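Thanks, everyone. I would like to take you through one model this morning, beginning with a helix and ending with how far the coordinates can be trusted.

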Amino acid sequence: MKESGRKQGAASPCAACKLLRRRCAQDCVFAPYFPADEPQKFANVHKVFGASNVNKMLQELPIHQRGDAVSSIVYEANARVRDPVYGCVGAISSLQQQIDTLQTQLALTQAEVVHLRVRQTASFPHGFCPTSLSNSGSPTFKLMGSQTMPIFDVDMVVDSLGEPMCSF
């Protein structure tokens, strides 16, 4: 059996050494992060950053930080392969646009809820405030076990003239 100098007697070099066509030494900085069964992972990193630059970056980091650094490097390399111009920034920008759209939709929905509450309050006759409504399929009620509970709390409020008003 051909001994490649790998830990635990592995005959296969890491993906980096395989791509670079060199012998994989026992202290290879790439071996823990680029296993032989994931060749595309290192191929993208090598294409975007270059093996020498990645080697230098990893050597400058403490060993406990290298795994996270490799994850970031692989993510950026894959993003650059998919989108050579914007890379990760394109993905971040797209996600930010989605957040903005969802925040706008949320604000519109919250405004609609307030509008419906005001409209519902205005529809009650002056001085009348329902404190117990029947559960006739109304969306303002939800079933919780055997109890019927309103989704919106209805409180009695007295206006400046001492007359009752509904407050939601």
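In helix α3 the buried residues, meaning those under 20% relative accessible area with a 1.4 Å probe on protein chains only, are Ala51, Val54 and Leu58; helices here are DSSP runs of H or I of at least four residues, strands are runs of E of at least two, and both are numbered from the N terminus. Seen down the axis of α3, these buried residues fall within an arc of 65°, taken from the directions from the helix axis to the C-beta atoms, so they line one face of the helix. On the other side of α3, Lys56, Gln59 and Glu60 are exposed, where exposed means over 50% and partly exposed covers the range in between. The cover over the buried residues of α3 includes α1, α2 and α4.

Before going on, I should say that this is a predicted model, in which local features need pLDDT of at least 70 and side-chain atom pairs count only at pLDDT 80 or more, while totals for chains, interfaces and linings use all residues. Residues are numbered from 1 along each chain as its sequence is written, and side-chain values use heavy atoms, with hydrogens and water left out.

Which elements give two or more residues to the largest nonpolar core? That core, a set of buried Ala, Val, Leu, Ile, Met, Phe, Trp, Tyr and Cys residues joined through side-chain atoms within 4.5 Å, has 21 residues, and Cys14, Cys28, Phe30, Phe34, Phe42, Val45 and Leu58 touch the most other members. The elements giving two or more residues to this core are α1 (15-20), α2 (39-49), α3 (51-60) and α4, and the largest share, 5 residues, comes from α4.

Phe30 deserves a sentence of its own: leaving aside residues up to four places away in sequence, Phe30 has contacts, that is, heavy atoms within 4.5 Å, with Cys14, Ala16, Arg22, Phe42, Ala51, Val54, Asn55 and Leu58. Phe30 also forms one aromatic cluster with Phe34 and Phe42. The structure holds 3 aromatic pairs, a pair being Phe, Tyr or Trp rings (for Trp, the six-membered ring) with centres within 6.5 Å, where planes under 30 degrees apart count as stacked, over 60 as edge-to-face and the rest as tilted. The rings of Phe34 and Phe42 have centres 5.1 Å apart and planes at 75°, so this pair is edge-to-face. Phe34 is buried at a relative accessible area of 1%, and Phe42 is buried at 0%.

Turning to charge, a search of the whole structure finds 2 salt bridges, each requiring a side-chain nitrogen of Lys or Arg within 4 Å of a carboxyl oxygen of Asp or Glu. One joins Arg80 and Glu76 at 3.0 Å, N to O, and both residues lie in α4, 4 residues apart, about one turn of the helix. Arg80 is partly exposed at 29%, whereas Glu76 is buried at 18%. In the other, Lys41 meets Glu38 with the closest N and O atoms 3.6 Å apart.

Finally, confidence: the mean pLDDT, the predictor's confidence in each residue from 0 to 100, is 79 for the protein chain, and 67% of its residues reach 70 or more. Confidence is highest in α2, at a mean of 96, and lowest in strand β1 (residues 141-144), at 42. Values stay under 50 over residues 1-7 and over residues 132-152. Where pLDDT is low, the predicted coordinates should not be read in detail.
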